[in-house]
Amino acid sequence: MTFQSDSNLLDPDSRSASDSCPTEFSDVWSWWRNQMPVTERWAYFDHAAVAPLSEPASDMMRSFIDTASQHGDVYWLDWSERINQLRSQFAELTHCEPDEVALVPNTTAGINLIAEGFPFERGDSVVVPEGEFPSNRFPWLNQKHRGVEVKTVPRRDHGEVHVDDLINAIDSSTRLIAVSWVGYATGFRIDLDDLVGRAHQRGVLVLLDAIQGLGMYPLNVQTCDVDFVAADGHKWMLGPEGAGIAIVRRRHLPTLHCCTVGWGSVKQSHAFSGAAFDLADDASRFEGGSANMPGLMAFSASVDMFLAVRRQHGPSAIQERVLERASTLRRMLLEAGAELTYALPDSAVHHSSIVNFRVPRMTPADFRARGIDQGVVVSCRGDGIRASVHVYNNDEDLKRLVDLV
């Protein structure tokens with residue numbers, strides 16, 4: 001019996017996101033909102049923690065479950081082809097090459113891939129800002145057994161990370177700077193172009209923890225020549241947990257050691273009985289075993305929405321929208337009597353869609369609990385309340401949060 005792949009098994013909606021994305025800029029965000037089932041109940045402002053699944057992502061996961069339960073592995077090659085689309089999608093999103101993209105479980109795995117495989121020598125050092133999320137601290141501290149020193153650079157007031165401070169921490173031992181694009185608690189966004197350019201002038205590489213920025217802000221690795229990028233899709237990109245990407249620039253592939261290898265790491269990856277230990281020439285060499293098929297397929301479905309908007313309205317459209325939403329929320333919070341915990345720098349290059357604030361006479365934990373009761377979702381981070389605003393959050397969402405204040 002011969003089976004033919006049914007495209008509906010992998011894509012319940014035969015229209016692509018590009019086909020359905022409105023040409024009018026003002027209509028785009030309503031279109032996007034209609035693809036977020038969470039909006040039926042919640043004013044959701046916790047994208048910097050775990051985002052709600054987009055409808056394309058959730059539909060893809062349901063489709064996978066139905067197909068796997070009814071057909072087993074009959075359509076495995078179709079699944080594999082779909083997750084491989086992520087390489088091309090991120091090549092379009094970041095202007096890297098498809099063969100520079102590795103499919104990884106999460107940001108932590110991507111950073112460890114670099115930290116464990118980097119050709120450190122005893123006496124080398126890594127520069128890391130103070131207050132980084134543990135995923136961008138522990139992998140470097142774990143290199144102590146190799147004789148690697150971690151230089152922790154203090155943050156400025158309100159958690160700002162200044163490029164001058166990172167560059168001034170470089171000495172003859174420094175091999176790499178590892179930094180978050182956007183601070184997870186403060187929302188401060190580093191000037192990545194400035195950092196990468198000045199670090200490379202000193203012969204130092206840059207790893208970007210992009211989990212709080214990827215998809216929201218334009219990244220062109222051809223003009224901002226960052227060496228390594230790690231992120232996953234369960235925050236701003238509205239995908240499931242357990243599905244992410246790492247970008248390893250082609251020039252570093254020969255020197256980055258593969259610490260975990262398996263059948264998927266080699267050139268003839270499906271020649272199980274006769275496969276030679278001949279590592280793939282591209283970043284897939286870091287994908288040793290079976291992939292999270294449903295997670296990566298769902299991630300890919302969600303990325304389609306981001307690419308559709310970029311194709312229709314340009315690479316800065318999402319950034320413009322999300323920064324406007326965050327700016328509007330800050331103004332409304334101040335008018336309602338909240339206190340912002342962080343005064344934004346004048347330069348918009350440092351702005352993000354994370355808003356941290358306090359409510360007088362109320363703890364962040366109490367505010368979050370009361371918010372859940374009222375259908376408003378925020379986080380507690382640092383010593384304040386964190387609201388992380390997405391492009392689909394409309395005026396009514398903002399008002400629900402401000403009314404709670």
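Here are three short exercises on aromatic rings, each with a worked solution.

This is a predicted model, in which local features need pLDDT of at least 70 and side-chain atom pairs count only at pLDDT 80 or more, while totals for chains, interfaces and linings use all residues. Residues are numbered from 1 along each chain as its sequence is written, and side-chain values use heavy atoms, with hydrogens and water left out.

**Exercise 1.** Classify the ring pair of Phe25 and Trp29.

Solution.
- Rings of Phe, Tyr and Trp (its six-membered ring) pair if their centres lie within 6.5 Å; planes under 30 degrees apart are stacked, over 60 edge-to-face, the rest tilted.
- The structure holds 12 such aromatic pairs. In the pair of Phe25 and Trp29, the centres are 5.4 Å apart and the planes meet at 85 degrees, which makes it edge-to-face.
- Both residues belong to helix α3 (residues 25-33), four residues apart, or about one helical turn. Helices are DSSP runs of H or I with at least four residues, strands runs of E with at least two, numbered from the N terminus.

**Exercise 2.** Decide whether Phe25 and Trp29 are buried or partly exposed.

Solution.
- Buried means under 20% relative accessible area, exposed over 50%, partly exposed in between (1.4 Å probe, protein chains only).
- Phe25 has 34%, so Phe25 is partly exposed.
- Trp29 has 5%, so Trp29 is buried.

**Exercise 3.** Describe the pair of Phe357 and Phe367.

Solution.
- With centres 5.8 Å apart and planes at 90 degrees, the pair is edge-to-face.
- Phe357 lies in strand β10 (residues 354-358) and Phe367 in helix α12 (residues 364-373), 10 residues apart.
- Phe357 is buried at 0%, and Phe367 is buried at 1%.
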